[in-house]
Amino acid sequence: MVECFINFNELVDTRTGIYAHLLEIDSQKILINCGTKTDLDSSWVDEYKDLIPSLDIIILSHLEIAYTGALPKIINSGFYGRVYSTTPIQVLGKYVFKEQNFSNSTFSTSTNQYLETDIDMAFDGIISLKYMQPVEIGSDLYISAYNSGHSIGGSIWKICKDNDTILVCIGVNHRKENHLNGLDISIQNPFLCILDTKYALKPVLNRKERNYYFFGILENAIINNKKVFIPVKYSRMPEIAFLLNEYFETKNEKPEMILYSRYATRYVEMLKTMMEWSCESNQNNFVFENIKIFSKFSLIPEQTDIYIIITENFHDGNFLLFMKLLCENDDNLLVFVDNDISVPGENLGDNILYGIKKNKKFHEKTIQLNLPTFVSLNEEELQEHIASSIKYKTEEEKSIESEEDVWEDEALPDTLRKVAWHEEKTDMWCVSGDEMFPLKMPNKPYDEYGTLVSKTEDKVFEEIKETNDKIKEEIEIIEKIVWEKTALNLNFDKIFIDFEGFSDYKSIKTVLESINPSKLVFINENDEYSNFLYHYCKYNDSFSDVFLQQNKKPINLSSESHISKINLTEDFSKINIKKIGNDFLGGFKGKIIQKDGNYYLEYIGPLENICVGNIQMNVLKRKIVENGFKVEIKGNIMIIEDSIKIIKNQNTYTIEGKITNLFIKIRDMFYENIAILD
């Protein structure tokens, strides 16, 4: 039975699609995810500016923005703890974040934008774990990640305190997929399970029926010369791409398929290194041979049949880039594979969402929309861009060179010239007023005879030429964005096929029956779904307690109902602390008060003198004997060396004897077991 304090709360209303929950276990504070919406608005962090520095760790469940969007801001808001995730979340999550950051800065007026260095710092600082790798984060407190089944690297978190286990299951999928194994349910009989309700009452086709339906729709569209557009999230893209690549591999006539996003090429290349995180039956190493991958929009060929567009919502640039092409033909097909893709309150988004839910043509036939497109630079613009790049690189080199000039040989102290920094016993040097540790010696150019080469004007021109050539080689194509007011005919066809990858009601029942938790907490992502599951499980004898997390109200999950967290006021420094054996005690008068939603124990003053302790005659006898003294017990009297008596009369003890060194020694051993609290 857990005897520690456990408290759970949502920092943001989860119904908004943002995941950020606080789990407190005794003094340890664990932030479970720190997401935002796709606009990267992390203003909720400002509400907890006093909490952020006190967080011990952050754990991430998935690589999507809903779980990671506020990470850079938290890192820059006084957070000094550690961040844990699986390797795919750390590596691939960085590209997902950069994609959304680029989209916000390029295609919208959003001010929630980050420097790439801030994004790199946030994700590079994550401590990556393998599945089932335990890590100690506190006294007898361990965490480890297990496969969630929803996305590559997606995790449920096992948190162990002493002999009890807490499971955090957010975004899980019990069913095995083509590129992922299903949820790992090897952990059984946990004390507490925290579970989301995202997909509880949604109808789900089995994988065979779904795939048959999906491919039938695609083949029919291709036969009728329709273009197919599939918007999909980064987290679900591997499943779609894997299916399409494998299916059309066996066909004689293969359709032209492309995958597009700004970071698609880098994402897929890194995905190939994540083979150990995928399904055992996946033997293609995420090599999508039948799908061409593009990070430059202007390079996409016109003769394309299937467009896989990585996007988080309908109003970001990746999707809008294809809107004109989608609306050119009434027979084109828009395939929704994720009903959770964010839909804004704009005309376009409203129309698309209306069409999905009503399963009919859009209620507005034509809309006016300002659409972006990328076009390659002409020759003049390209030369201007190259010249600008050369100028920037040259100025950067001059800046570096001027810094290196400080370290000319004649300016260095003899001690620094003779030995390297790692051979010196000194820990720090001070040269020209600048502290350097460790001493970084600049790289200097030498010829083949070991003679120091000075840079001449010819050398500088030669380096500029080399830089120019290098830039030309690096430039595959340079694009610029152009906006144009466009009339769109919304008569294209659309259909929804479920590839969201979450557990439905039947799967959730299977999961709960398998892991068999004692206590259960449902996260409220949807009022209807969560209330259904809550009431179903509340009146089920299988669980000792069932809770519904909602309205940002904390839940006390301690095993005993009387266990609560109470803060101490500053006046407690006035208490006189006494030692009894290996323990420390202090007495005081106080009262419990409530302030800002928290409970505090307020110090009023000291107690009157109280004697505290527990004298056990047998234990005291053993201790006196261990010190080499003869002891005899007669009834309620202990006689030491025939001269000192300790007499017990109910709860009163009396020590009798002459004041000698022996008397003082026995008295001190007696006092070690009691204390006078004043």
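Biologist: Across which strands does helix 7 (residues 264–271) lie, and how should I read the crossing?

Modeller: Axes are lines fitted to C-alpha atoms, for helices over the stretch in contact (heavy atoms within 4.5 Å), and angles run from 0 to 180 degrees between N-to-C directions. Helices (H or I, at least four residues) and strands (E, at least two) are DSSP runs numbered from the N terminus. Here, helix 7 lies across strand 13 and strand 14, and runs at about 125° to strand 14. This is a predicted model, in which local features need pLDDT of at least 70, side-chain atom pairs count only at pLDDT 80 or more, and totals for chains, interfaces and linings use all residues. Residues are numbered from 1 along each chain as its sequence is written, and side-chain values use heavy atoms, with hydrogens and water left out.

Biologist: How many bridges join strand 13 (residues 257–260) and strand 14?

Modeller: Two strands pair if DSSP finds at least two bridges between them. Strand 13 and strand 14 have four, in the parallel sense. Within this pair, Leu 259 stands opposite Ile 293 of strand 14.

Biologist: What is the strand order of the open sheet?

Modeller: The six strands follow the order 14-13-15-12-16-21, with parallel pairing. Strand 14 (291–294) and strand 21 (493–496) are at the edges with a single partner strand each, so one side of each lacks a neighbour in the sheet. On average, neighbouring strands of this sheet are turned by 20° against each other, direction ignored.

Biologist: Which residues of helix 4 (residues 116–124) are buried?

Modeller: Buried means under 20% relative accessible area, exposed over 50%, and partly exposed in between (1.4 Å probe, protein chains only). In helix 4, Ile 119, Asp 120, Ala 122 and Phe 123 are buried. They lie on the same side of helix 4 because they cover an arc of only 165° around the axis, taken from the directions from the helix axis to the C-beta atoms. These buried residues pack against helix 1 (65–68), helix 2 (71–75) and helix 3 (87–107).

Biologist: How many disulfides are counted?

Modeller: A disulfide is a pair of cysteine sulfur atoms within 2.5 Å; by this rule the count is zero. Cys 193 is in no disulfide, and the nearest cysteine sulfur, that of Cys 169, is 4.1 Å away. Cys 193 is buried, with a relative accessible area of 0%. For Cys 537, also in no disulfide, the nearest cysteine sulfur is that of Cys 193, 10.0 Å away. Cys 537 is buried, at a relative accessible area of 1%.
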